[in-house]
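Here is a short briefing on one structure. Keep the sequence and the 3D view open while reading.

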Amino acid sequence: MNDKYALVPDDILTGKDLDYLSDMFQWNYGAYKCSYNASNSVSDEEIKDILERASNTFHKSMDDI
């Protein structure tokens, strides 16, 4: 393959990139809030554990973004 066409991302973020990152953060934040609040309002320990793991996953995704 010709190096001229190598798929190397640029070292800049465009406005479109920032908009997409903002959207990703908002999606994860909404899912985090829902799962966190739901985990505090259920009494079944198995469901509570699943919701807490989900909220932790969404929180980690927000940190990564």
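A residue counts as exposed when its relative accessible area is over 50%, as buried when that area is under 20%, and as partly exposed in between. Asp63 has a relative accessible area of 58%, so Asp63 is exposed. The model discussed here is predicted. The points below cover two helices, a buried serine, two salt bridges and a surface patch.

**Helix H1**

- Helix H1 runs over residues 15-41, which makes 27 residues.
- At 1.5 Å a residue, H1 should span 39 Å. The C-alpha atoms at its ends are 39 Å apart, so the model agrees with the expected span.
- Four residues named as buried in H1 are Asn28, Tyr32, Ser35 and Ser39.
- An α-helix has 3.6 residues a turn, so residues three or four places apart point the same way.
- Helix H2, residues 45-64, is included in what covers the buried residues of H1.
- Met24 also sits in H1. Its relative accessibility is 24%, so Met24 counts as partly exposed.
- Met24 and Ala38 are 14 residues apart in sequence. Their C-alpha atoms lie 21 Å apart in space.

**Ser39, a buried serine**

- Is Ser39 buried or exposed? Ser39 is buried, because its relative accessible area is 2%, and the cut-off for buried is under 20%.
- Ser39 belongs to helix H1.
- A polar atom of the Ser39 side chain lies 2.7 Å from the backbone oxygen of Tyr36.
- Which residues does Ser39 contact, leaving aside neighbours within four places in sequence? The contacts are with Lys48, Leu51 and Glu52.
- H2 spans residues 45-64 and is part of the cover over the buried residues of H1.

**Salt bridges**

- How many salt bridges are there? The count comes to two.
- Asp49 pairs with Arg53 in a salt bridge. The closest N and O atoms are 3.3 Å apart.
- Asp49 and Arg53 are four residues apart in helix H2, so about one helical turn separates them.
- Asp49 has a relative accessible area of 37%, so Asp49 is partly exposed.
- Asp64 and Lys60 form a salt bridge through their side chains, at 2.8 Å from N to O.
- Both Asp64 and Lys60 lie in helix H2. They are four residues apart, about one turn of the helix.
- Asp64 has 55% relative accessibility, so Asp64 counts as exposed.
- Lys60 has 52% relative accessibility, so Lys60 counts as exposed too.

**Other H2 positions**

- Asp63, exposed at 58%, is placed in helix H2.
- Asp63 and Gln26 are 37 residues apart in sequence. In space, they are 12 Å apart, C-alpha to C-alpha.
- His59 is also placed in helix H2. Its relative accessibility is 33%, so His59 counts as partly exposed.
- His59 and Glu46 are 13 residues apart along the chain. Their C-alpha atoms are separated by 20 Å.

**Nonpolar surface patch**

- Which residues form the nonpolar patch on the surface? Phe25, Tyr29 and Ile65 form this patch.
- Together, these residues have about 240 Å² of accessible area.
- Ile65 lies in the segment after H2.
- Ile65 has 35% relative accessibility, so Ile65 counts as partly exposed.

Technical notes
Residues are numbered from 1 along each chain as its sequence is written. This is a predicted model: local features need pLDDT of at least 70, side-chain atom pairs count only at pLDDT 80 or more; totals for chains, interfaces and linings use all residues. Side-chain values use heavy atoms; hydrogens and water are left out. The expected span of a helix is 1.5 Å times one less than its number of residues. Buried means under 20% relative accessible area, exposed over 50%, partly exposed in between (1.4 Å probe, protein chains only). Contact means heavy atoms within 4.5 Å. A polar contact is a pair of N or O atoms within 3.5 Å; within protein, one must be able to donate a hydrogen and the other to accept it, and residues adjacent in sequence count only if both atoms are side-chain atoms. Patches are made of residues with over 30% relative accessible area and no salt bridge: like charges are joined within 9 Å, nonpolar side chains (Val, Leu, Ile, Met, Phe, Trp, Tyr) within 5 Å. Accessible areas come from the Shrake-Rupley method with a 1.4 Å probe; for residues, only the protein chains shown count as cover. A salt bridge is a side-chain nitrogen of Lys or Arg within 4 Å of a carboxyl oxygen of Asp or Glu.
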